[in-house]
Amino acid sequence: MPATSMEELVSLCKRRGFIFQSSEIYGGLQGFYDYGPLGVELKNNIKNAWWRSNVYERDDMEGLDASIIMHRLALRHSGHEATFNDPMVDNKKTNKRYRLDHLIKDQKADVLAKVAEGVGEAPENIAAVSARLMENPARAAELLVAAGVRDAHSGEVGEWTEPRPFNMMFKTTVGPVSDEDSYAYLRPETAQGIFINFKNVVDSTSRRLPFGIAQIGKAFRNEITPRNFVFRVREMEQMEIEFFCAPGTDEEWHEHWLEQRLSWWEAQGVPREKIKVEDVPGDDLAHYSKRTYDLMYDFPTLGHDEIEGIANRTDFDLGSHTKGQAELGLTAQVMDNSDSVAKLTIPHPETNKPVVPFVIEPSAGVDRAMLAVLSEAFTKETLENGNERIVLKLKPHLAPIKVAVIPLARNKPELVELARRIKADLQKLGLGRILLEDSGNIGKAYRRHDEVGTPFCVTVDFDTVGLGENLDAALKDTVTIRNRDTLEQERVAIADLAGWLVERLR
């Protein structure tokens, strides 16, 4: 059976070296996580699968890796300075701060119903309840107390402040002088790096509509209350596409990308039936969005929550950055050079006239993708002997370790040396990480590799090197391959081993 709680996944990730709390020896840093030896492999495999599917396997996509630190004017004209806010409220009794919508969502049903009734909204529409509370902060503070809203830490009814917007962007300074003219932001999303490089990419690749630009990279959001393991963090990694298309074709492309992304998730082992497609209501749309589909995966403990958004951003971003250049006087310079006034344009595929394209944006978090993949792969099984095993049934292309090569006895140089040679030869195939497992206990090695999702274990035993007591000449120069999912074992000649594994791992 699959994982029944987030605690099971957290325990596995710590025990087997997938994910650690950042700065743990100093008490940890909330909202930040470090990826361990197996975590970094799984994370890279997810990113490689995304890049391969969206860049290499398509003929209408280019790649990009933009800077993490952005000019503050880029994020002003994108709307982030003014609108990238979450509602924050304080409890005067405990001095704890909370994101308002999370606070009310975590209340008992009767308390949530009182808050919702007080603002005239349905209790299941948390976003609308939060928005109404923000419209009248003074009234909101009174309502939270009157409804008996409790502090998540103390469990007692709080003395709540008026809720207020909190901008989540991390600010930093650039250069040796710290003043109002030297500050910049860590990007809150990777998208803006694509938009401000739009013309660079078009000019250097001669792309025409429709086409996309893909990017994988870090983004930073100063979450008020990071929580639920790596689901909501302050430092994250995004896999994002900005797909540019002619105005009027955007709705068709929006549907195209919805299907593409659902198919991709399925290929990673996250079935469609576990993903609910939510058509985001108009009141909840981001400031740039005409329409957004949220893909909501059914996490253990958390229930349905977002793993990807697919937004129709219209021409908002390219239009906004064109206006931003005008504010700096850049359009005048462009005009002097006999170039187009609307700099961020591209020829329409039918009329050949300059047009600001519309944009479809599929945006997924690597950390959330990893959590969803682990949730689906986590399996508890009862074996025929009554023992229970935990196994990660990861898709082979995602498995952190593709093959473990195990000498049956670590004190036999003949076995260990041959196992090393087999490992080195397999590593040259480019399948991913091949591990020499020299622990000396075959049973424990099998159980460990079940837990970390290794598809195949290759055992070098006494028969392999012709040292068996009851020697079977037919078994010399063969190894035993154990299948993670079926537990079946097959004897394969060393000469055929590479081909056998390539066929099953690719």
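Two strands count as paired here if DSSP finds at least two bridges between them, and that definition is worth holding in mind for the opening stop of this tour, which runs through a predicted model.

**The hairpin of S23 and S24**

Begin by selecting residues 478-483, which make up strand S23, together with residues 489-493, which make up strand S24; the two strands run antiparallel and are joined by 5 bridges. If you then pick out Thr478, you will find Ala493 of S24 standing opposite. Follow the chain from S23 into S24 and you pass through the 5 residues that lie between the strands of this hairpin, among them Leu487, a residue of the turn whose phi is positive, at about 65°.

**The cavity**

Next, turn to the interior space, where a search of the whole structure finds 1 cavity of 30 Å³ or more; the space in the largest cavity comes to about 80 Å³. To display its lining, select Phe32, Tyr33, Tyr35, Lys43, Lys218, Val233, Glu235, Met236, Glu237 and Asp367. Colouring these residues by character shows a lining of 5 nonpolar and 5 charged residues, with no polar ones. Which strand gives the most to this lining? It is S11, with 3 residues, and if you show strand S11 (235-245) alongside strand S2 (33-35), you have two strands that each supply at least two residues of the lining.

**The annotated binding site**

Keep the lining on screen and add the residues that an unreviewed UniProt entry lists under "binding site", namely Arg221, Asn222, Glu223, Glu306, Ile307, Gly365, Val366, Asp367 and Arg368. Of these residues, Asp367 is included in the lining of the largest cavity. Asn222, for its part, is placed in the loop between strand S10 (211-220) and S11, and Asn222 counts as partly exposed because its relative accessibility is 23%.

**Two cysteines**

Finish by selecting Cys13 and Cys457, and ask why Cys13 forms no bond with the closest cysteine sulfur. The closest cysteine sulfur to that of Cys13 belongs to Cys457 and is 20 Å away, which is too far for a bond, given that a disulfide is taken as a pair of cysteine sulfur atoms within 2.5 Å. Cys457 is likewise in no disulfide, and the structure as a whole holds 0 disulfides. Are these cysteines buried or exposed? Cys13 is buried, with a relative accessible area of 1%, and Cys457 also counts as buried, because its relative accessibility is 2%.

Methods. Residues are numbered from 1 along each chain as its sequence is written. This is a predicted model: local features need pLDDT of at least 70, side-chain atom pairs count only at pLDDT 80 or more; totals for chains, interfaces and linings use all residues. Side-chain values use heavy atoms; hydrogens and water are left out. On a 1 Å grid over the protein atoms alone, a cavity is a set of points where a 1.4 Å probe fits but cannot get out, and a pocket is an open set with protein on both sides within 12 Å along at least five of seven lines; lining residues have an atom within 4 Å of a point. Grid points are joined across faces, edges and corners, and a volume is the space filled by probe spheres set on the points. Helices (H or I, at least four residues) and strands (E, at least two) are DSSP runs, numbered from the N terminus. Ala, Val, Leu, Ile, Met, Phe, Trp, Tyr, Cys and Pro count as nonpolar, Asp, Glu, Lys and Arg as charged, and the others, Gly among them, as polar. Buried means under 20% relative accessible area, exposed over 50%, partly exposed in between (1.4 Å probe, protein chains only). UniProt positions are given in the numbering used here, feature names are shortened, and annotations may be inferred rather than shown by experiment.
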